[in-house]
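Visitor: Hi, I have just opened this one and have never seen it before. Could you walk me through it?
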There are 2 protein chains.
Amino acid sequence: MGREGGRRQEDRREEILRAAFDVFAERGYHRASIATIAERVGLSQQGVLHYFPSKRLLLAEVLRLRDQRNFIELLGQGGALDLDTTANLVEYNTTQRGLVQSFTVLSAESVTEGHPARGFFEERYARSRQAFAEQIEEELGDRLPAGLTAEQAATLALAVMDGLQLQWLLDSTDGIDMPALFRAFLALLRSGGAESP
Amino acid sequence: MGREGGRRQEDRREEILRAAFDVFAERGYHRASIATIAERVGLSQQGVLHYFPSKRLLLAEVLRLRDQRNFIELLGQGGALDLDTTANLVEYNTTQRGLVQSFTVLSAESVTEGHPARGFFEERYARSRQAFAEQIEEELGDRLPAGLTAEQAATLALAVMDGLQLQWLLDSTDGIDMPALFRAFLALLRSGGAESP
């Protein structure tokens with residue numbers, strides 16, 4: 001196959017991943033089907049299975065790609081992402097409802113019996129907590145209020161992100177301002193240093 | 001049917017609800033089946049459907065009961081539950097893994113297309129935020145740090161609870177101490193008044 005064919009293969013693969021992403025977001029893993037994904041990209045099921053041999057592998061690739069495009073990879077690269085940038089990414093997420101929904105549904109679903117994404121999420125949270133703690137340590141260090149450790153602050157910050165996403169998805173009144181609320185949480189973390197010189 | 005028959009009916013209903021609760025927790029709504037629930041209580045599917053005419057109604061009743069037994073009903077009764085008691089309930093939840101898992105999976109799943117629990121969770125979060133805000137207003141009022149409003153603090157507190165549950169469920173190292181972390185968050189909320197007389 002020539003370079004042109006390789007390019008078309010890449011495009012098609014990308015197209016399948018995008019459709020899979022949407023379908024997982026709309027239905028969760030268990031109700032998503034290769035048939036639905038195939039239909040959206042105008043392929044047969046066999047056509048999709050040529051690129052991704054199983055729904056499980058397709059999910060793994062969707063999750064990997066989602067993180068690659070988002071901030072966790074950055075966080076994992078040794079604190080390249082400061083806290084204000086993290087807040088900007090929370091703001092960016094408000095324009096990415098499908099992505100947020102997909103993540104919320106799949107991460108929660110992954111705690112059920114034998115779910116194929118369980119390992120991915122366990123590892124992802126452990127890694128995110130560590131990277132976040134390092135960043136907080138660097139920016140706020142010994143100025144955290146109420147005797148909070150950087151590890152505790154990191155765990156709470158991730159919890160706030162996830163919990164806000166759920167409330168945002170479940171609010172039809174447009175009353176949950178995720179970026180403002182996340183910034184308010186960061187202000188709480190920073191309030192310990194307000195009295196220091 | 002005599003009083004004895006009524007009692008047996010009640011017991012059987014209760015037994016089905018417990019089994020349904022477990023099965024929803026293990027599998028989520030969509031993968032849970034009346035057949036599995038029936039098997040666990042030694043009834044036929046028809047037997048279960050005699051008590052609960054559909055899986056959807058069974059879910060609704062499970063969720064209603066879950067809340068009735070837990071603290072949201074208390075919160076809804078006009079701030080009868082103070083913040084320290086809320087922290088004790090977070091501690092209690094660490095002994096109720098199935099319940100926490102059920103809630104995490106179902107609330108996240110409820111954001112997907114046409115999920116039967118969507119309305120329940122939307123309404124539940126709106127009500128919880130309001131009750132929590134009233135309690136925070138009463139206990140901390142104008143002493144919240146970093147310019148936080150009681151509504152913001154309530155939304156963050158609920159987010160922390162949900163987000164910690166997800167991390168706790170996804171941690172196999174026993175490293176997420178939910179009650180300590182929730183109490184640390186309450187200490188953050190209270191740290192604004194530390195310098196005041």
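Guide: Gladly, and please keep in mind throughout that this is a predicted model. Chain A has 10 helices and zero strands, so the order of elements from the N terminus is simply α-α-α-α-α-α-α-α-α-α.

Visitor: How much of chain A counts as buried?
Guide: Of the 197 residues in chain A, 53% count as buried. The accessible surface of chain A comes to about 8800 Å², and carbon and sulfur atoms account for 46% of that surface.

Visitor: And what share of its contacts links residues 24 or more positions apart?
Guide: Among the contacts in chain A with a separation of 6 or more, 67% are between residues 24 or more positions apart.

Visitor: Okay, switching to the two chains together. How many residues does each put into the contact?
Guide: Chain B gives 47 residues and chain A gives 47 residues. The area buried between chain B and chain A is about 4200 Å², with 67% of it coming from carbon and sulfur atoms. On the side of chain B, B:Gln167, B:Leu170 and B:Leu188 supply 17% of the area that this chain buries against chain A, which is more than any other three residues supply.

Visitor: How many salt bridges are there across that interface?
Guide: The rule finds four salt bridges between chain B and chain A, and one of them joins the side chains of B:Glu113 and A:Arg27, at 3.8 Å from N to O. There are also 14 residue pairs in polar contact between the two chains, counting pairs with both residues at pLDDT 80 or more.

Visitor: Which helix of chain B gives the most to that side?
Guide: That is H9(B), with 12 residues on the side of chain B that touches chain A. The residues on this side divide into 24 nonpolar, 13 polar and 10 charged.

Visitor: New topic: which residues have a positive phi without being a glycine?
Guide: Two that can be named are A:Asp174, with a phi of about 65 degrees, and B:Ala146, with a phi of about 55 degrees. As background, most residues other than glycine have a negative phi.

Visitor: Where do they sit, and is A:Asp174 buried or exposed?
Guide: A:Asp174 is in the loop between helix H9 (150-169) and helix H10 (178-190) of chain A, and it counts as exposed because its relative accessibility is 72%. B:Ala146 lies in the loop between H8 and H9 of chain B, where its relative accessible area of 43% makes it partly exposed.

Technical notes: Residues numbered from 1 in each chain as written. Chains lettered and ligands numbered in written order. Predicted model: local features only at pLDDT ≥ 70, side-chain atom pairs only at ≥ 80, totals over all residues. Heavy atoms only, no water. Helix = DSSP H or I, 4+ residues; strand = E, 2+ residues; numbered from the N terminus. Buried < 20%, exposed > 50% of the residue type's maximum accessible area, 1.4 Å probe, protein only. Contact = heavy atoms within 4.5 Å. Areas by Shrake-Rupley, 256 points an atom, 1.4 Å probe, with all protein chains shown as cover. Buried area = accessible area lost by both parts, 1.4 Å probe. Polar contact = N/O pair within 3.5 Å; in protein donor to acceptor, adjacent residues only side chain to side chain. Nonpolar A, V, L, I, M, F, W, Y, C, P; charged D, E, K, R; others polar.
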